[in-house]
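This briefing gathers selected local features under a few topics. Please read the notes below with the sequence and the model side by side.

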Amino acid sequence: MTQTINLRSVLHVLGFMIFILGLMMVIPLGISLYYQDGSSAGILFSILVTAACGSLLFLFFKHQKDLGIRDGFLIVGMGWFLMALFGALPFLFSGAIPSFTDAFFESMSGFTTTGATILTDIEKMPPALLFWRAFTHWIGGMGIIVLSLAILPLLGVGGMQLYKAEVPGPTADKLTPRIAETARILWLVYVGITFLEVLFLLLGGMSLLDAFCHAFATMATGGFSTRNASIGAFNSAYFDYVITFFMFAAGVNFALHYKFIIRKFDAYWKNFEFKTYLGIVLIAAAVITISNLLGGVYNNFFVSVKHGLFQSVSIGTTTGFGTADYETWTSLAQILLFMLMFIGGSAGSTGGGMKVLRLIIVVKYTFIQLKKLIHPSAVIPLRVGNRVIPKEVTLSVIGFFLLYVFLFVIISIVMSLMGMDLLTAAGASASCLGNIGPGLGNVGPTDNYAWMPALAKWILALTMMVGRLEIYTVLVIFTKGLWSK
């Protein structure tokens with residue numbers, strides 16, 4: 001039997017997601033009323049519009065059968081776009097970001113955990129909207145889709161198709177046979193680590209609002225801060241190291257965190273990807289530290305270590321927080337950070353980029369091909385740790401790698417055609433495709449995206465979505481095969 005898209009079920013699920021998003025806006029409304037920051041009317045109107053639209057879709061379109069794989073791709077792709085669209089309303093209706101293009105860009109940057117901003121003075125934003133920016137990170141971090149999976153069984157809708165389409169990385173690692181239980185476990189781990197970071201930040205003297213905003217942005221590897229100078233504004237080694245630790249944790253496969261919690265204490269060290277991820281971060285931090293010392297950027301060893309480690313973890317996990325302007329660092333340090341933008345975090349983490357596991361597979365595949373030049377008849381399995389990677393997964397990873405590089409080049413060219421210099425064009429493309437936030441050139445750590453033309457903002461906003469959903473999930477929506485019977 002030929003599979004077709006069940007559009008009524010798709011719209012039913014999308015309506016449920018939009019309605020839940022509207023309910024989530026109640027939290028910033030409460031914050032606005034508490035601070036009397038003038039944004040409450042705009043947020044209230046956003047809640048009414050979002051909840052009404054979600055309710056109409058949910059009630060008017062009834063699901064008829066379980067979701068197929070085509071439905072899963074369509075829900076994820078359309079769901080993310082609609083989340084960003086409705087998530088922009090509090091910025092727009094409050095008047096804090098009067099341009100629809102800018103509000104959408106900021107919202108998409110939040111939900112995709114990119115952290116690129118059009119705000120020129122973040123600290124002038126109402127507290128409620130600063131919270132909403134960070135909260136969109138947190139919602140998008142593990143995925144609004146995965147959150148919904150814990151409730152989808154109540155609607156009689158199967159969820160595995162959504163999980164396969166949403167969960168970052170080459171493979172979706174089921175922790176339990178039931179997908180809803182898997183979603184609950186992931187969210188419990190996510191929530192638990194987030195609140196642990198909030199506690200540590202409060203112990204260091206950070207305000208409650210700042211602590212929640214930065215914990216949300218950290219665990220989602222997003223990077224939206226409440227300060228213009230990001231984490232550097234606090235001028236605290238304690239905050240730097242606490243946030244470094246939690247950024248690193250957010251870049252780890254969350255399945256490993258769960259295994260550690262249930263007392264499988266060797267789970268991290270038995271995982272080859274984790275060891276590779278740790279090695280990449282430490283080597284990059286060490287080289288950057290030494291390079292900055294020898295280059296005269298820093299005269300104090302411990303200061304150089306602090307900044308080198310923080311920025312290596314921040315860029316390596318695609319969080320994008322800053323404690324220093326790395327564009328004033330040595331050329332070697334900047335090149336290493338640019339390379340980290342492409343690698344990203346582990347598969348199954350909230351980090352963006354290509355993912356460490358894919359890099360491992362590509363490198364190992366390259367060496368296997370070199371060996372086969374000498375031993376053409378040899379059958380050499382590709383192993384990651386003790387696990388043999390199936391050929392179809394390897395080919396999928398190679399295809400993803402080539403497509404990622406191809407998109408980076410194309411988007412860089414498009415940005416260049418809009419008048420950007422090569423460094424800025426490449427920096428913006430790498431940053432948005434890898435969901436990092438700050439790039440190089442005129443979109444560096446002390447700059448923003450406000451100066452860009454509207455078309456560039458729309459292209460980069462959609463690039464964020466493509467990168468967050470790992471390219472294939474979005475591009476497949478535009479293929480004839482998805483829609484044909």
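How many of the 12 residues of helix 6 are buried? In this predicted model, 11 of the 12 are buried, so helix 6 is largely enclosed by the rest of the structure. The points that follow begin with that helix and then turn to helix 17, to single buried residues, to positive phi values and to the cavity.

**Helix 6**

- Helix 6 covers residues 100–111, and the 16 Å from its first C-alpha to its last is close to the 16 Å expected for 12 residues at 1.5 Å a residue.
- The buried residues of helix 6 are Thr101, Asp102, Ala103, Phe104, Phe105, Glu106, Ser107, Met108, Ser109, Gly110 and Phe111, and these pack against helix 1 (7–24), helix 4 (69–87), helix 5 (89–94), helix 7 (127–142) and helix 20 (454–468).
- At the start of helix 6, the backbone nitrogen of Thr101 has a side-chain oxygen of Ser99 within 3.4 Å, while just after the helix Thr113 takes a positive phi of about 60°.

**Helix 17 and Val397 in helix 18**

- Helix 17 (residues 356–374) has 19 residues, which should span 27 Å at 1.5 Å a residue, and this agrees with the 28 Å that separates its end C-alpha atoms.
- Val356, Leu357, Arg358, Ile360, Ile361, Val362 and Ile368 are buried in helix 17, and the cover over the buried residues of this helix includes helix 14, helix 16 (331–343), strand 1 (383–384) and helix 18.
- Val397 has its place in helix 18 (residues 391–417) and, because its relative accessible area of 2% is under the 20% cut-off, Val397 counts as buried.
- Apart from residues up to four places away in sequence, Val397 touches Pro170, Arg358, Ile361 and Val362; of these contacts, Arg358, Ile361 and Val362 are among the buried residues of helix 17.
- Val397 and Gly439 are 42 residues apart in sequence, and their C-alpha atoms are 25 Å apart in space.

**Asn292 and Ile436**

- Asn292 is found in helix 14 (residues 272–294), where it is buried with a relative accessible area of 0%.
- A polar atom of the Asn292 side chain lies 3.5 Å from the backbone nitrogen of Thr330, and Thr330 also appears among the contacts of Asn292, which, leaving aside neighbours within four places in sequence, are Val297, Tyr298, Ser304, Trp329, Thr330 and Ala333.
- Ile436 lies in the loop between helix 19 (422–433) and helix 20, and Ile436 counts as buried at 0% relative accessibility.
- Although Ile436 and Ile315 are 121 residues apart in sequence, their C-alpha atoms are 6.8 Å apart in space.
- Ile315 is one of the residues in contact with Ile436 when neighbours within four places in sequence are left aside, the others being Thr114, Gly222, Thr318, Thr319, Gly320, Met341, Ala430 and Ser431.

**Positive phi values and helix 21**

- Most residues other than glycine have a negative phi.
- Ser230 departs from this with a positive phi of about 55°; Ser230 sits in the loop between helix 11 (208–219) and helix 12 (237–250) and is buried, with a relative accessible area of 13%.
- Ile471, likewise not a glycine, has a positive phi near 65°; Ile471 is found in the loop between helix 20 and helix 21 and counts as buried at 0% relative accessibility.
- Thr473 belongs to helix 21 (residues 472–475), is buried with a relative accessible area of 7%, and has a side chain that reaches the backbone oxygen of Leu469 at 3.1 Å.

**Cavity**

- The count comes to one cavity of 30 Å³ or more, and the largest cavity holds about 40 Å³ of space.
- The lining of the largest cavity is made up of 11 residues, of which Gly351, Gly352, Lys355, Asn435 and Arg468 lie nearest its centre.
- By class, one residue of the lining of the largest cavity is nonpolar, seven are polar and three are charged.

Methods:
Residues are numbered from 1 along each chain as its sequence is written. This is a predicted model: local features need pLDDT of at least 70, side-chain atom pairs count only at pLDDT 80 or more; totals for chains, interfaces and linings use all residues. Side-chain values use heavy atoms; hydrogens and water are left out. Helices (H or I, at least four residues) and strands (E, at least two) are DSSP runs, numbered from the N terminus. The expected span of a helix is 1.5 Å times one less than its number of residues. Buried means under 20% relative accessible area, exposed over 50%, partly exposed in between (1.4 Å probe, protein chains only). Contact means heavy atoms within 4.5 Å. A polar contact is a pair of N or O atoms within 3.5 Å; within protein, one must be able to donate a hydrogen and the other to accept it, and residues adjacent in sequence count only if both atoms are side-chain atoms. On a 1 Å grid over the protein atoms alone, a cavity is a set of points where a 1.4 Å probe fits but cannot get out, and a pocket is an open set with protein on both sides within 12 Å along at least five of seven lines; lining residues have an atom within 4 Å of a point. Grid points are joined across faces, edges and corners, and a volume is the space filled by probe spheres set on the points. Ala, Val, Leu, Ile, Met, Phe, Trp, Tyr, Cys and Pro count as nonpolar, Asp, Glu, Lys and Arg as charged, and the others, Gly among them, as polar.
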